[in-house]
Amino acid sequence: MSKKCPTKNPDTIITSHINADFDAIASMLAAQKLYPDSVIIFPGSQEKNLRDFFINSMSYLLNMADVGTTDFSQTKRLVLVDTRQKNRLPHVSFLIDQKEMEIHIYDHHPAMEEDLRGSLEIIRPTGATATILSSVLQEKKIVPTPDEATIMALGIYEDTGLFTYSSTSREDLEQAAFLLGCGASLNTIAGFVVKEIKSEQVTWLHELLNEMKVHKINGIDVSISVISSPSYITDLATIVQKVVRMENLDVFFAIVLMDNKINIIARNRLPEVDAGKILSAFGGGGHAYAASAKIDNQTLAQIEMRLLEQLQKEIKRIQIAKNLMTSPAITIEPHVTCKEAGNLMTQYNINTLLVVDKGKNTYEGYITRQVIEKTLYHKLSGQPVKEYMNSEIRFVSSDADISQIESIIIESKHRILPVIDDGWIRGVITRTNLLNYLVQHNKEITNSETEIGIKRNIKNRQIENILYQRLDNRMIRLLENIGKTGNEMGYHMFVVGGFVRDLLLNRPNEDIDIVVEGDGIEFAKVFAAKEGCRVNPHKKFGTAVIIFPDNFKIDVASSRLEYYKMPAALPIVEKSSIKLDLARRDFTINTLAVSLNPENFGMLIDFFGATRDLKDKTIRTIHNLSFVEDPTRIFRAIKFSNRFGFKIGKVTSNLIKNAITINCFKNLSGLRVLSEIKQIFEEENPIPAIRTMEEYGLEKVLHKKLDIDPKTYQLLESVNKILVWHDLLYTDEEYPRWSVYFMALLNRTSRKVCEQICDRLNMPLKERGILLEKRYRAEKQLILIEQASSYTIQDLYWALIDFKTEYLLYMMALATHEETKKAISNFYTHQKTVRPYIRGRDLMTLGLKPSPVFTAIFNRILNEKLEGRLKTKKEELAFAAEYARNNKLID
């Protein structure tokens with residue numbers, strides 16, 4: 001029960017805004033401590049969580065009266081808390097209109113034109129009005145009871161989002177501490193402000209997500225969801241905040257029809273948007289970052305239209321490009337050498353130059369100091385800048401808004417952005433120009449940001465759920481234990497590269513690469529000791545391989561950077577951070593990392609836009625001299641493009657062409673080229689990759705006289721069909737798959753050129769034998785088979801039995817007659833494994849002594865078995881005995 005009023009004619013009335021929240025109720029309670037003989041008029045609340053708490057837990061603390069039964073004739077003072085807008089105080093509007101009424105205001109909301117004025121105003125930009133009133137109580141040395149302190153602290157905790165909203169002030173924290181000292185119960189507070197979404201609310205969360213539309217308004221993305229419900233939706237504000245967090249939204253408006261009334265809830269974190277001011281046009285209010293409104297007698301369509309009109313009117317247009325740019329732009333022509341470009345950068349003390357063809361008056365791209373320095377390091381200073389410039393053309397007009405500029409410079413990682421009007425370069429916007437603006441922008445945002453934080457770093461996101469969905473229990477346990485062990489050693493642990501890439505692509509990959517920000521070898525030893533594994537360390541590179549009892553392996557490396565003393569050389573390795581470690585990798589899609597330490601387990605780290613390139617299905621290199629430093633990356637670009645069905649980005653493609661043009665392969669070890677070619681030929685279908693290699697002229701890297709003509713592709717297609725057939729047999733026999741494609745590639749090439757290709761690739765004797773002597777022998781045998789007018793099963797068996805699987809598959813692909821293909825396939829599936837049951841010891845039981853006659857007998861038995869005339873060991877032994885007697889080998 002509430003306290004009884006000491007009088008029906010109260011001198012002082014305390015109230016707050018309609019749809020009161022915890023801060024409003026806490027503030028009314030605190031005000032009652034300041035005005036002891038006052039009466040509280042409770043304005044009501046739609047939030048069930050708050051209503052239940054008010055009725056069951058705290059109404060006894062308040063001296064309340066019903067507005068309909070109270071005599072206000074003696075009321076001289078009206079105390080307003082947590083609002084000063086008349087349209088949010090309809091229940092006491094008749095008191096506000098009285099000219100002699102003394103009005104006291106306690107509020108933390110920003111000022112608006114229609115605000116009421118009071119004879120006493122205590123208004124400060126705190127996170128909660130309860131903070132202001134608590135401070136006044138503390139100054140007056142009025143100590144609240146533990147129950148009162150709990151209610152007041154609850155108001156502060158809720159309105160500051162547990163002190164996470166950017167509106168939170170130092171005073172909020174200080175007053176929370178004061179109230180805790182007065183006995184406030186954190187357990188009670190946690191029960192109301194820590195809200196888990198309920199199962200029945202999930203439907204509405206999905207509804208908001210499904211109905212969300214994004215509107216570009218004055219350069220800002222505004223998300224709006226419009227839904228309806230036949231009944232009241234409990235804790236709608238909580239659901240809205242869940243949507244904002246899940247989608248990482250800057251500005252979100254939820255328009256919800258329920259109980260025949262339309263509710264609008266707004267959340268915002270941009271300084272250009274004032275949610276409270278926007279919703280004041282609908283009779284609502286709140287802060288710049290959080291506001292709400294309730295409307296009667298209008299349709300959802302009407303409200304949505306009105307809201308869009310209000311947004312167009314109230315949202316400030318973000319600073320345009322002409323105010324950010326530096327002018328004039330310093331440019332260089334495409335044919336100018338890298339050395340001259342470096343001199344120009346030094347002269348003007350700049351880090352990036354626009355490349356402009358002045359004859360055509362066209363913008364061609366840009367080149368950075370980092371690229372220029374690398375060209376000088378690799379003795380390529382005489383090369384024209386057009387060979388190494390970033391030719392991905394992006395520019396804006398002088399009236400572009402900040403969202404366009406951010407998208408290009410930050411998300412697309414452009415170092416410089418030309419401002420072009422009617423074909424003329426007006427100036428440039430650099431990263432520094434944008435950074436200076438964003439620093440100021442963030443300072444403005446700190447007082448209006450919501451709980452979801454500033455969306456500046458979109459590189460990291462939590463993918464723990466993906467790990468648990470797509471990895472088996474053993475893999476999850478390994479990653480968790482790696483993180484825990486590293487944590488105990490004080491190291492930051494990451495799983496990186498292809499494992500993470502394939503995880504996001506939902507492709508199987510059990511090649512775990514671990515990077516340690518610390519001593520990788522020491523970690524490997526400690527972890528291996530715990531898991532009962534062996535370790536193979538490589539001190540030169542700071543790497544180790546952990547080998548489990550079942551021979552499962554994990555590669556471990558200290559985070560490191562690499563640099564190259566000359567093009568195509570092996571890298572020099574030094575320790576570094578995870579970012580620099582990832583920066584040394586070949587392509588953006590291979591630069592992903594996932595944190596394994598317990599506190600950040602499952603956090604995806606993306607410094608170089610890898611997730612964007614996975615989404616765009618594009619292979620992009622990280623820097624412009626990547627292929628000059630390591631030409632084998634060209635083969636890997638083609639391999640990944642073929643494997644994943646990705647395209648090679650325009651700039652990356654141009655860099656590949658340039659690297660081939662300047663003959664970057666001249667210093668490259670043949671074995672490294674061979675290794676990359678093998679990997680391409682081991683792919684499920686390498687033919688598209690071979691076509692791409694030919695488009696770039698990479699076959700000439702092997703030999704200038706190597707040609708890939710239509711007949712070669714026809715043979716390669718035949719190889720692919722045969723290997724698909726073989727794979728479907730599900731045999732356990734392993735064979736060098738790559739060799740079948742390589743033999744087909746060389747089929748129409750002269751012996752001399754083939755030998756020179758093997759020399760160029762420093763091919764080991766075994767591989768050399770496959771591509772030369774043994775291939776020629778298989779081709780000759782195939783010719784003999786196809787030229788024969790007829791052949792028996794025995795003839796075919798003895799013609800093919802000495803050839804390994806790779807040659808048989810090659811011969812099937814090369815065969816011109818269909819019956820020959822069938823005959824070889826039949827040999828492979830049926831006759832190849834035919835062997836006699838009997839052994840030498842069986843012949844010895846017949847009285848025979850070991851001699852060449854054993855071979856003769858076994859061969860005769862094989863012939864009989866091939867014809868189906870011998871089926872059991874007993875029959876073979878009887879045949880051998882008869883053969884021996886007929887040839888007088890035994891009595």
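**Cysteines and salt bridges in the predicted model**

Good morning. I begin with C758, which is buried at a relative accessible area of 1%. Please bear in mind that this is a predicted model.

A second cysteine, C182, also counts as buried, with 13% relative accessibility. Is C758 in a disulfide, and what distance separates its sulfur from the nearest cysteine sulfur? C758 is in no disulfide. The nearest cysteine sulfur belongs to C754, and it lies 7.0 Å away. Because a disulfide requires two cysteine sulfur atoms within 2.5 Å, that distance does not qualify. For the structure, the count is 0 disulfides.

I turn now to the salt bridges. How many does the structure hold? The number is 40, and I shall discuss three examples.

The side chains of D11 and R77 form a salt bridge, with an N to O distance of 3.9 Å. This pair links distant parts of the chain: D11 sits in the segment before β1 (12–15), R77 belongs to strand β3 (residues 77–81), and 66 residues separate them. Both partners are partly exposed, D11 at 34% relative accessible area and R77 at 21%.

K216 and D221 also meet in a salt bridge, at 3.1 Å from N to O. Here K216 is exposed, at 51% relative accessibility, whereas D221 is partly exposed, at 40%.

My last example is the salt bridge between the side chains of D630 and R633, at 4.0 Å, N to O. D630 counts as buried at 4% relative accessibility, and R633 is likewise buried at 4%. Through salt bridges that share partners, D630 and R633 join D586, R636, R672 and E676 in one network.

Thank you.

Technical notes: Residues are numbered from 1 along each chain as its sequence is written. This is a predicted model: local features need pLDDT of at least 70, side-chain atom pairs count only at pLDDT 80 or more; totals for chains, interfaces and linings use all residues. Side-chain values use heavy atoms; hydrogens and water are left out. Buried means under 20% relative accessible area, exposed over 50%, partly exposed in between (1.4 Å probe, protein chains only). Helices (H or I, at least four residues) and strands (E, at least two) are DSSP runs, numbered from the N terminus.
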